[in-house]
Amino acid sequence: MRLVLRAQRKSVLPREAGAAPLDIVIAIMAFLAALSLCAVLIAQRTAQDWRRGLAGKLTVQVLPPAQGPTQPALARETRAAVRVLETTPGIFSAHELSEAKTERLVEPWLGKGALVADLPLPRLVDASVVPGMRVDLAALRRRLKKVAPDGYVDDHRHWLARLSRLADTIMWSAYGVLGLIAIATTATAAFATRAGLAAHHDIVELLHQMGAHGSFIASAFDRHYLRTAFSASLVGALLAVILFIVAGGLEYVGLKPMAHLPPLALGMGQLAWLALIPLAGGAIAWATARLSVFAALRNIY
Amino acid sequence: MVRFENVGMRYGPGPEILRDVSFVLEAGSFTFLTGPSGAGKTTLLKLLYLAEPPSRGLITLFGTDLATASRHLFPALRRRIGVVFQDFRLLDHLSAFDNVALPLRLSGVRIEDFRQDVEEILTWVGLGSRMQARPSTLSGGEQQRVAIARAVVARPDLLIADEPTGNVDSDMGQRLLRLFFELNRLGTTVLIATHDRGLIATGRSQEMRLVDGRLVTMPTVRP
Ligand SMILES: Nc1ncnc2c1ncn2[C@@H]1O[C@H](COP(=O)(O)OP(=O)(O)O)[C@@H](O)[C@H]1O
Ligand SMILES: [Mg+2]
């Protein structure tokens, strides 16, 4: 019975022996597509992290006064700024950044040691905003001016906007690359199906002559290319998944595989998106093969 | 069943291969198309089995005027025709059995229902023991018999055979001819092209002779 069923399903096309180049190209395309998709996911997540990290924060910077003794004025204005912040609606905590912390912040630019100790560094006050609340910045600035004329409010909005723009740029570039890969895959598949059709022209013609409908002939071809493209792009996508799992693992044990990049570790939920790639690869090859067959059949009487 | 009216045929810009060919084949008839090599027999058959459109003239097949019929009807018309090609055109990646089963698969018959038909016809043409063989491992005569089995297995309304006994000895030739007559007795209209006039002496049949692209003998029933 099983033998009978297998005979029924036996393709009217021979198994392709020389399809390896197509497999390789599609696997590479899928790998690149997976990388672009991961870039989208990482950019999305990083932008979200930044937003979450900065959105709830306000910083007041108290600069050293232009004249008069520096340290007493700085200390007085900073304490006043903390009090103002604490009594501002929408802010639930405010505290001064310790001198040590401030020094660490400027260390990359100024180095450390005696030189820094003598420099009048600005004092920083960090405030946390109640999530979902908007702070009236204009009012805050007015109140601050009265008690701490050298204090300046920074709500990071400007940074957030720039980071968002950066993340958006990365995302749209990655979408663009995905689009290009889809086009290249389509072109490759079209080329391969056309070559396959030419190689099996005798079979196509015979089936056509025997009264096979276009859809019967097309399904023999599209199934073949669907299978080829699906498995090849599955391999490519899996390679990318392995790459990202390894990168995530390295980060987990404290190694950063690539400097200057946000964390590469992707969650399983995000990696699941990569399952779209073999589906898309298979669908592209399937549709292209079908269209090629119908185009070829239109040229036969 | 088949009507040609003033049919002319040329390949591309080439010379006219068929000129003013007119004839009628009645349903249930058995006809030999004879003529020297290069006379245009294969070309005439191609028009008939819908492999090429005529350059001019009218062809009516199963009551359908091919010039005005929708192309969507052609697959159904083609499935009513069994063809033995001069060059066999077997698929080499399929066994003899699967080659013969192909027309049945195309008409959507389930394999449980056609296995016996295929085995029967292959046994009739003397290939009962070679059903799983690849065509390339068969001799020319054996391949021809597979091609014949494939053409007749679906009991077509019209059987067209192009030099179907060219590669077999006369004993097998007579045996295959008996198969065609048997099929004809069951209702299939048969048209066989051959340059072997010795073949046509057998059975109740008519002859149509083509010389240099023109019909010189109209179908006439022989005794
Ligand atoms: N596909 C083709 N293209 C151009 N000329 C062809 C083609 N097929 C056959 N011919 C020409 O048509 C003529 C008749 O050929 P054919 O129909 O095969 O004759 P027969 O079957 O009687 O030997 C020959 O001169 C042949 O060269
Ligand atoms: Mg011929």
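Which backbone oxygen lies 3.1 Å from a polar atom of the side chain of N99(B)? I will come to that in a moment, after saying that what we are looking at is a predicted model.

The answer is the backbone oxygen of L94(B), and the side chain of N99(B) has a second such neighbour, since one of its polar atoms lies 2.8 Å from the backbone nitrogen of L91(B). The residue itself sits in helix 3 of chain B, which covers residues 96–106, and because its relative accessibility is 0%, N99(B) counts as buried. If we leave aside the neighbours within four places in sequence, N99(B) is in contact with L90(B), L91(B) and L94(B), and also with P135(B), V146(B) and R150(B).

Staying with chain B, let me turn to helix 4, residues 111–124, where 14 residues at 1.5 Å a residue should span 20 Å, and where the end C-alpha atoms are indeed 20 Å apart, so the expectation and the model agree. The buried residues in helix 4 of chain B are I111(B), F114(B), V118(B), I121(B) and L122(B); seen down the helix axis, the buried residues of helix 4 of chain B fall within an arc of 95°, and they therefore line one face of the helix. As a reminder, an α-helix has 3.6 residues a turn, so residues three or four places apart point the same way. Following helix 4 of chain B comes G126(B), with a positive phi near 85°.

Now to chain A, where four strands make up an open sheet, ordered 2-3-1-4, with antiparallel pairing. Strand 2 (91–96) and strand 4 (151–154) of chain A are at the edges, and because each has a single partner strand, one side of each is left without a neighbour in the sheet. From one strand to the next, the twist averages 20°.

Looking at one pairing in detail, strand 2 of chain A is joined by five bridges to strand 3 of chain A, residues 123–129, and the two run antiparallel. Within that chain, H95(A) has D126(A), in strand 3, as its bridge partner.

Finally, the helices on this sheet: helix 3 of chain A, residues 70–86, lies across strand 1 (57–62), strand 2, strand 3 and strand 4 of chain A, and runs at about 5° to strand 3 of chain A. Helix 6 of chain A, residues 137–147, also packs on the sheet, where it touches strand 1 and strand 4 of chain A, and its direction makes about 165° with that of strand 4 of chain A.

How values were computed
Residues are numbered from 1 along each chain as its sequence is written. Chains are lettered from A and ligands numbered from 1 in the order in which they are written. This is a predicted model: local features need pLDDT of at least 70, side-chain atom pairs count only at pLDDT 80 or more; totals for chains, interfaces and linings use all residues. Side-chain values use heavy atoms; hydrogens and water are left out. Two strands pair if DSSP finds at least two bridges between them. Axes are lines fitted to C-alpha atoms, for helices over the stretch in contact, and angles run from 0 to 180 degrees between N-to-C directions. Contact means heavy atoms within 4.5 Å. Buried means under 20% relative accessible area, exposed over 50%, partly exposed in between (1.4 Å probe, protein chains only). A polar contact is a pair of N or O atoms within 3.5 Å; within protein, one must be able to donate a hydrogen and the other to accept it, and residues adjacent in sequence count only if both atoms are side-chain atoms. The expected span of a helix is 1.5 Å times one less than its number of residues. The arc is that of the directions from the helix axis to the C-beta atoms.
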